[in-house]
Amino acid sequence: MISYKPLQKLLIDREIKKLELLKMTGISSATLAKLNTNEYVSLEIIDKICSALKCQPGDLLEHIPDK
């Protein structure tokens, strides 16, 4: 499973609100909802977020092995 908890932590650490992230990246609120519930988002979305936040994909997501 892919978890976007690192993205949530990054936003908190940088004091960036989710609405600000939407404006910075141009992603939709539906896509943000997918990130909040660990659903699939395309690499294009990850690329937009990485560009806006000047970070690497590993800063946004983590792989959690199935038990």
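Start by selecting Asn 38. It counts as partly exposed because its relative accessibility is 28%; on this scale buried means under 20% relative accessible area, exposed over 50%, and partly exposed in between (1.4 Å probe, protein chains only). Asn 38 lies in the loop between H3 and H4. Its phi is positive, about 60 degrees, although Asn 38 is not a glycine.

A word on the model before moving on. This is a predicted model, where local features need pLDDT of at least 70 and side-chain atom pairs count only at pLDDT 80 or more, while totals for chains, interfaces and linings use all residues. Residues are numbered from 1 along each chain as its sequence is written, and side-chain values use heavy atoms, with hydrogens and water left out.

Helix labels come next. Helices (H or I, at least four residues) and strands (E, at least two) are DSSP runs, numbered from the N terminus.

Now go to Glu 15. You will find Glu 15 in the loop between H1 and H2. Here too phi is positive in a residue other than glycine, near 55 degrees. Is Glu 15 buried or exposed? Glu 15 is exposed, with a relative accessible area of 70%.

Select residues 18-25, helix H2. Color Leu 21, Leu 22 and Thr 25: these are the buried residues of H2. They sit on the same side of H2, because they cover an arc of only 100 degrees around the axis. The arc is taken over the directions from the helix axis to the C-beta atoms. Turn to the face away from that buried side, and the exposed residues Leu 19 and Lys 23 appear.

What covers the buried residues of H2? The cover includes helix H1 (5-13), H3 and H4. Just past the end of H2, select Gly 26, which takes a positive phi of about 80 degrees.

Add helix H4, residues 43-53. H2 and H4 pack at an angle of about 100 degrees, and their axes are 9 Å apart. Axes are lines fitted to C-alpha atoms, for helices over the stretch in contact, and angles run from 0 to 180 degrees between N-to-C directions. H2 and H4 are therefore roughly perpendicular to each other. Angles under 35 degrees count as roughly parallel, over 145 as roughly antiparallel, 65 to 115 as roughly perpendicular and the rest as oblique.

Show the side chains where H2 and H4 meet. From H2 come Leu 21, Met 24 and Thr 25; from H4 come Lys 48, Ile 49, Ala 52 and Leu 53. Contact here means heavy atoms within 4.5 Å. The residues of this contact divide into five nonpolar, one polar and one charged.

Swap H4 for helix H3, residues 29-36. The angle between H2 and H3 is about 125 degrees, with axes 10 Å apart. That makes H2 oblique to H3. At this contact, Lys 18, Leu 21 and Leu 22 in H2 meet Ser 29, Leu 32 and Asn 36 in H3.

Stay in helix H3 and pick Thr 31. Thr 31 counts as buried, at 14% relative accessibility. Leaving aside residues up to four places away in sequence, Thr 31 touches Val 41 and Ile 45.

Last stop: Lys 5, in helix H1. Lys 5 counts as exposed, at 59% relative accessibility. Draw a line from Lys 5 to Lys 48: the two are 17 Å apart in space, C-alpha to C-alpha, and 43 residues apart in sequence.

How values were computed. Nonpolar A, V, L, I, M, F, W, Y, C, P; charged D, E, K, R; others polar.
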